[in-house]
Amino acid sequence: MPVQIKRIYDAPDPADGARILVDRLWPRGLSKEKAAFDDWLKDVAPTSHRKWFDHRPERWAEFQQLYRAELRENPAVDLLRARSAAGMVTLLYSSRNREFNHAAVLAEVLREANSFAR
């Protein structure tokens, strides 16, 4: 099934399916009442590479490699794979950078896993 990414600050849409926050830290300036999400998987967010990457385009390729290696050993990815196999999943992130963020890498990993499962 499809996987998409969206900023948690963007308005929810019924087509989003399961809305899963994939940030380790709570999004700034957002109350839990206004945050429309179904689940929060902190453990799937990058660990040590997050601060180093700092959403810098020149570090994007290396960040992707480091984060993908981290995801290969992360059991939370299996839960996301199962959720995305069952229906639409929207991965929510708080970064202002819509192109260079960990949710984009995670979505691609899930899409690849789903395409192999068919």
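Let's begin in strand β4, which is where T90 has its place. A quick reminder, everyone, that this is a predicted model. Is T90 buried or exposed? With a relative accessibility of 0%, T90 counts as buried, because the cut-off for buried is under 20%. Its side chain still has a polar partner: a polar contact of 2.8 Å links the side chains of T90 and Q4. If we set aside the neighbours within four places in sequence, the residues in contact with T90 are Q4, I5, K6, D16, A18, R19 and I20.

Strand β4 also takes us to the nonpolar cores. The largest of these has 24 residues, and V44, L80, L91 and L106 are the ones with the most contacts inside it. Which elements supply at least two residues each? They are β2 (18-21), α2 (60-72), α3 (76-86), β4 (89-93) and α4 (102-117). Helix α4 gives the most to this core, with six residues. There is also a second, separate core, this one of five residues, including I8, L21, L30 and L92.

Please find V44 on the screen. Beyond its neighbours within four places in sequence, V44 is in contact with V22, Y67, L71, N74, A76, V77, L80 and L106.

One name on that list, Y67, deserves a stop of its own. You'll find Y67 in helix α2, and it counts as buried because its relative accessibility is 0%. Not counting residues up to four places away in sequence, Y67 touches V44, A45, P46, H49, H102, V105 and L106. For a sense of distance, take Y67 and G17: they are 50 residues apart along the chain, and their C-alpha atoms are separated by 25 Å.

Keep H102 in view, please, since it brings us to D23. Where is D23? D23 sits in the loop between β2 and β3 (39-40). D23 has a relative accessible area of 6%, so it is buried. The side chain of D23 makes a polar contact of 3.3 Å with the side chain of H102. Leaving out neighbours within four places in sequence, the contacts of D23 are W40, K42, A45, L92, Y93, S94 and H102. A45 and H102 are also among the residues that Y67 touches, and L92 is one of the residues of the second core.

Now for R28, which is likewise placed in the loop between β2 and β3. Buried or exposed, this one? R28 has a relative accessibility of 77% and therefore counts as exposed, the cut-off being over 50%. R28 and S95 are 67 residues apart in sequence, while their C-alpha atoms are 9.9 Å apart in space.

That pair leads to my last stop, the largest pocket. R28 and S95 are among the residues that lie nearest its centre, together with R50, H55 and S94. How many residues line this pocket? The lining has 21 residues, and the volume is about 680 Å³. By type, the lining residues divide into eight nonpolar, five polar and eight charged. Helix α1 (residues 49-53) gives the most to this lining, with three residues. S94, one of the residues nearest the pocket centre, is also in contact with D23.

To recap the stops: T90 and Y67 each count as buried at 0% relative accessibility, D23 is buried at 6%, and R28 counts as exposed. Thanks for listening, and I'm happy to go back to any of these residues on the screen.

Key: Residues are numbered from 1 along each chain as its sequence is written. This is a predicted model: local features need pLDDT of at least 70, side-chain atom pairs count only at pLDDT 80 or more; totals for chains, interfaces and linings use all residues. Side-chain values use heavy atoms; hydrogens and water are left out. On a 1 Å grid over the protein atoms alone, a cavity is a set of points where a 1.4 Å probe fits but cannot get out, and a pocket is an open set with protein on both sides within 12 Å along at least five of seven lines; lining residues have an atom within 4 Å of a point. Grid points are joined across faces, edges and corners, and a volume is the space filled by probe spheres set on the points. Helices (H or I, at least four residues) and strands (E, at least two) are DSSP runs, numbered from the N terminus. Ala, Val, Leu, Ile, Met, Phe, Trp, Tyr, Cys and Pro count as nonpolar, Asp, Glu, Lys and Arg as charged, and the others, Gly among them, as polar. A nonpolar core is a set of buried Ala, Val, Leu, Ile, Met, Phe, Trp, Tyr and Cys residues joined through side-chain atoms within 4.5 Å. Buried means under 20% relative accessible area, exposed over 50%, partly exposed in between (1.4 Å probe, protein chains only). Contact means heavy atoms within 4.5 Å. A polar contact is a pair of N or O atoms within 3.5 Å; within protein, one must be able to donate a hydrogen and the other to accept it, and residues adjacent in sequence count only if both atoms are side-chain atoms.
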